[in-house]
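Visitor: I'd like a close look at a single part of this protein, and I'm happy to let you wander a bit from there. Could you walk me through it?

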Amino acid sequence: MYSSITTDSNMDLLLQRLEAENSIVEQDSRRRMTNESDMDRAFGHAKEESVDEDVDWDYWGSLMHDYNGVVKKNPRQLTQMIQKGVPAALRGLIWQLLAKSKDAQLEASYAELLKSTSSHEKQITRDMSRTFPNHEYFQAEGLGQESLFNVVKAYSLYDKEVGYCQGLSFVVGPLLLNMPDEEAFCVLVRLMNTYDMRGHFTPDMNMLQLRLYQYEQLMEETVPLVYKHFQNQGIQSTMYASQWFMTLFAYKFPLDLVFRIYDILFVEGVESLFRFAIALLKANHDKILNHDFDKLIELLKNGLFEPYKVNSSARDPVNNPSLFVQDAYSVKVTPKKLAQFAQKYNAMVQRQQAELAAEESLRETNRKMSMDVRRLEGSLHTLNKEHVDLAKDLIARKMEMADLQDQNDVLSQKVSDLTRIVDSQAKEVEDRLKAEIQSVMEKNVELIRKNQEMEDHCHALESLLIDTKMKYAESENERDTLTRKLGDLRRALGAA
């Protein structure tokens, strides 16, 4: 038999949520059931259906008529009653009361949204058969599937950023088993906005990432051997716990356990999921430590609720939700501790963002330096081409100088020959020869002058070639320096 184990330490989540709700009581007062007779009629009908059940109808009746007053007067009693479980016949009414979800205007919006077409309808329809496929209410083309489709479709239109995710169907399913679709839609909106579940389904999944981090920190503190074993086996929380937080354990767990999770979640908030997550690890502690990766994945996805089965060998075993809740409340989870983990997580995210920014800066610097290297390589190619052209020009000039030198040698020989002729011939030809010699000498002087000009030009070309070689050597040094810097940057990026 289940006995309440409520202590001051495990009421922290409830007190935190009540404090948050107190600041918006006036805003939420319009969400309460506006027709007392309707509420009384629903309560009376539930009481008639559950005459054989051991239910404290006086407490639940007073809670439904004066929620704020009853809770303020004795919050401990509320958590004790919730731990015992909300009566099945009242569950839908109590969930709406706890969530403060009753909203005629939102129900009207839901009716209007159903008239529109969602871009996600094909995907929603495709996933219907995979949502609670073994539950009679959600069989193909039944009323349950139609209601589930409507609620999920309407939300995809209501919150276009979130749109549709398969996990939403598993959140909505337990609601539809306890209330009409328009009320389930209102509760879903409250869960997403007021209970901070929306961050589980936004594109960046920021709240899901935070809660997985908090879960891992709690796991390291409360079940360190399991935490270490998961690390050694390469088991990440994203491999199995994401579905816990996104579907509120409804993806694989028996619905009688899921209903009890919802009971507590509506009172304490989504943070209560940490209790159940850690309780599951504790209940399966030894089994987890004896499994390797493949068996661990299977256990984490499908077998963690086995300890809560009664007569598990039977064809239709019965579960013990009260034991599950009792184990969950043996786990101490405080807002202060979760806030500390959130602070660490935010610091880690900021650090990672700074590292990503630094890495991006290095990539940009690398890109610019690569462009500089390509530019210098282009300049080097141009210099090499100019060097080749100058070398060719120098060779041509030297060949021309050699030709002129040959011509000079020939002319010098002619002068020598003419001189000998002049010396040997008679006086009468001396003047003629002198004139001819004078002409030849003038030509020789002109050739000498040209030769000198060519030598001067060659010297200038040699100086230019030397300068070109020096510039080429400098460019090679600059290229080597840039290559070393580029290598250093690549090694820095590899280390990061």
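Let's begin with F132: is it buried or exposed?

Guide: Bear in mind that this is a predicted model. F132 is buried, with a relative accessible area of 9%, and the cut-off for calling a residue buried is under 20%. You'll find F132 in the loop between α9 (121-128) and α10 (143-158). Its backbone deserves a glance too: phi of F132 is positive, about 45°, although the residue is not a glycine. Most residues other than glycine have a negative phi.

F132 also helps to line a pocket. Among the 13 residues that line the second largest pocket, F132, P133, N134, H135 and K252 are the closest to its centre. That pocket has a volume of about 400 Å³. Its lining is made up of 8 nonpolar, 3 polar and 2 charged residues.

If the backbone of F132 caught your eye, go to K100 next. Here phi is near 55°, again a positive value in a residue other than glycine. K100 sits in the loop between α7 (91-99) and α8 (104-113), and the positive phi comes just after α7. K100 is buried as well, with a relative accessible area of 7%. The helix before it, α7, is mostly covered: 9 of its 9 residues are buried. The buried residues of α7 include R91 and Q96 as well as L93, I94, W95, L97 and L98.

Another buried residue to zoom in on is R211, in helix α13 (residues 206-222). R211 has a relative accessible area of 2%, so it counts as buried. What does its side chain reach? The backbone oxygen of D196, at 2.8 Å. Setting aside neighbours within four places in sequence, R211 is in contact with Y195, D196, M197, H200, F245, V270, E271 and F274.

Now turn to Y215. Leaving out residues up to four places away in sequence, Y215 touches S237, Y240, A241, W244, F245, F274, A277, I278 and L281. You can spot F245 and F274 in this list, and both are also contacts of R211. Y215 belongs to the largest nonpolar core, where W60, Y215 and F266 have the most contacts inside it. This core has 110 residues. Helix α16 (residues 255-268) gives the most to the core, with 10 residues. There is a second, separate core of 5 residues, and M369, V373, L482 and L489 are included in it. In soluble globular proteins, nonpolar side chains tend to be buried together.

One last stop, for enclosed space. The structure holds 2 cavities of 30 Å³ or more, and the second largest has a volume of about 30 Å³. L390, A391, L394, L461 and L465 line this second largest cavity. The elements that give two or more residues to the lining are α21 (335-424) and α22 (430-495), with the largest share, 3 residues, coming from α21. By type, the lining of this cavity divides into 5 nonpolar, no polar and no charged residues. Back at the second largest pocket, by comparison, the lining does have polar and charged residues, 3 and 2 of them. And F132, where you came in, is one of the residues closest to that pocket's centre.

Definitions and conventions. Residues numbered from 1 in each chain as written. Predicted model: local features only at pLDDT ≥ 70, side-chain atom pairs only at ≥ 80, totals over all residues. Heavy atoms only, no water. 1 Å grid on protein atoms, 1.4 Å probe; cavity = no way out; pocket = protein on both sides within 12 Å on 5 of 7 lines; lining within 4 Å. Points joined across faces, edges and corners; volume = space filled by probe spheres on them. Nonpolar A, V, L, I, M, F, W, Y, C, P; charged D, E, K, R; others polar. Core = buried A, V, L, I, M, F, W, Y, C linked by side-chain atoms within 4.5 Å. Buried < 20%, exposed > 50% of the residue type's maximum accessible area, 1.4 Å probe, protein only. Helix = DSSP H or I, 4+ residues; strand = E, 2+ residues; numbered from the N terminus. Contact = heavy atoms within 4.5 Å. Polar contact = N/O pair within 3.5 Å; in protein donor to acceptor, adjacent residues only side chain to side chain.
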